[in-house]
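Subject: Structure handover

Hi,

Here is the structure I promised to pass on. Please open it alongside this message.

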Amino acid sequence: MQTIELDPTLSNTLAAARQPGLTLVIGNKNLSSWSMRPWVAMTAFNIPFTEVRVKLDRPETSGTIARYTHSGRVPVLLAGDITIWDSLAICEYLAEQFPDKHLWPQDVAARATARSICAEMHSSFAGLRSNMPMNISASLRGQGRTPETQADIGRVSEIWEECLCRFGHNEFLFGDFSLADAFFAPVVTRFNTYDVALPPALSAYCERITRHPAVARWIEEAHAEAGEGAAGSMEQE
């Protein structure tokens, strides 16, 4: 994977971001949970891509992102002349383009459930997002425990327990690592940051996600980025 740290004043850098193949435009790794999802998926499934990282919350950020999408948000996947600017849409596109990699579970019932929980992750959990924003490099034990957050933690736990018992065989949510695990990986980082107590089986699942090579690489680079004092936005789609 090639990485481009984007300087919007350089036209040759922008041209490089439009090179043949897949280019994933993301935000800061320490804080941008939505960017993490397709990046982890593409890395985990060995889908070659060029990474373009846009530093968020800077005067030039909006103009830079606008060069790729009018949505004003990241992540964005560039596939030739195709631009995909939503994390779930990006992952669905990848699953269609690389069917042999089985990004979704192969079993019909498991696949339907995986799509359902990813859609729920995509549209719900406002309390968790607002009160426990992703910050991989921080240690914020016990913070953000509002009733809304606790309800979201309970719902996430319910989803994990059901999937692990029904499909996961105590490994990943659907046995093998899938898009569902990539979608919940940022939640795992939140639980690590805020030291959320979980039942043993769910704590073990969080450990497996944290140790997964793609997730571990993102976390390592997030720590390095935070050490550089990179600015960022908590939630960018």
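Below is what came out of the analysis, from the whole chain down to single rings and one helix.

Please keep in mind that this is a predicted model.

**Whole chain**

The chain has 237 residues, and 54% of them count as buried. Its secondary structure comes to 10 helices and 5 strands. Take the contacts with a separation of 6 or more: 74% of them join residues 24 or more positions apart. The exposed area is about 10300 Å². Carbon and sulfur atoms supply 51% of that area.

**Aromatic rings**

How many aromatic pairs are there? The count is 8, with ring centres within 6.5 Å as the cut-off. One of them joins F167 and F174. Their centres are 5.3 Å apart and the planes make an angle of 35°. That pair is tilted, because stacked needs planes under 30 degrees apart and edge-to-face needs over 60. Both F167 and F174 are buried.

F172 and F177 form an edge-to-face pair. Here the centres lie 5.4 Å apart, with 85° between the planes. F172 is buried, as is F177.

There is also a cluster: ring pairs link W160, F184, F191 and Y205.

One charge contact to look at is R37 over the face of W34. The distance to the ring centre is 4.2 Å.

**Helix α9**

This helix covers residues 200-211. Does its length agree or disagree with what 12 residues should span? At 1.5 Å a residue, counted over one less than the number of residues, the expected span is 16 Å. The end C-alpha atoms of α9 are 16 Å apart, so the two agree.

Which residues of α9 are buried? They are L202, Y205, C206, R208 and I209. Seen down the axis of α9, these buried residues fall within an arc of 160°, so they line one face of the helix. The general background is that an α-helix has 3.6 residues a turn, so residues three or four places apart point the same way.

The face of α9 turned away from the buried side carries P200 and R211, both exposed.

What do the buried residues of α9 pack against? Their partners are α7 (147-168), α8 (179-193) and α10 (213-227). Y205 ties the two topics together: Y205 is among the buried residues of α9, and Y205 also belongs to the ring cluster with W160, F184 and F191.

Best wishes

Conventions:
Residues are numbered from 1 along each chain as its sequence is written. This is a predicted model: local features need pLDDT of at least 70, side-chain atom pairs count only at pLDDT 80 or more; totals for chains, interfaces and linings use all residues. Side-chain values use heavy atoms; hydrogens and water are left out. Rings of Phe, Tyr and Trp (its six-membered ring) pair if their centres lie within 6.5 Å; planes under 30 degrees apart count as stacked, over 60 as edge-to-face and the rest as tilted. Buried means under 20% relative accessible area, exposed over 50%, partly exposed in between (1.4 Å probe, protein chains only). A charge sits over a ring if NZ of Lys or CZ of Arg is within 6 Å of the ring centre and within 35 degrees of the ring normal. Helices (H or I, at least four residues) and strands (E, at least two) are DSSP runs, numbered from the N terminus. The arc is that of the directions from the helix axis to the C-beta atoms. Contact means heavy atoms within 4.5 Å. Accessible areas come from the Shrake-Rupley method with a 1.4 Å probe; for residues, only the protein chains shown count as cover.
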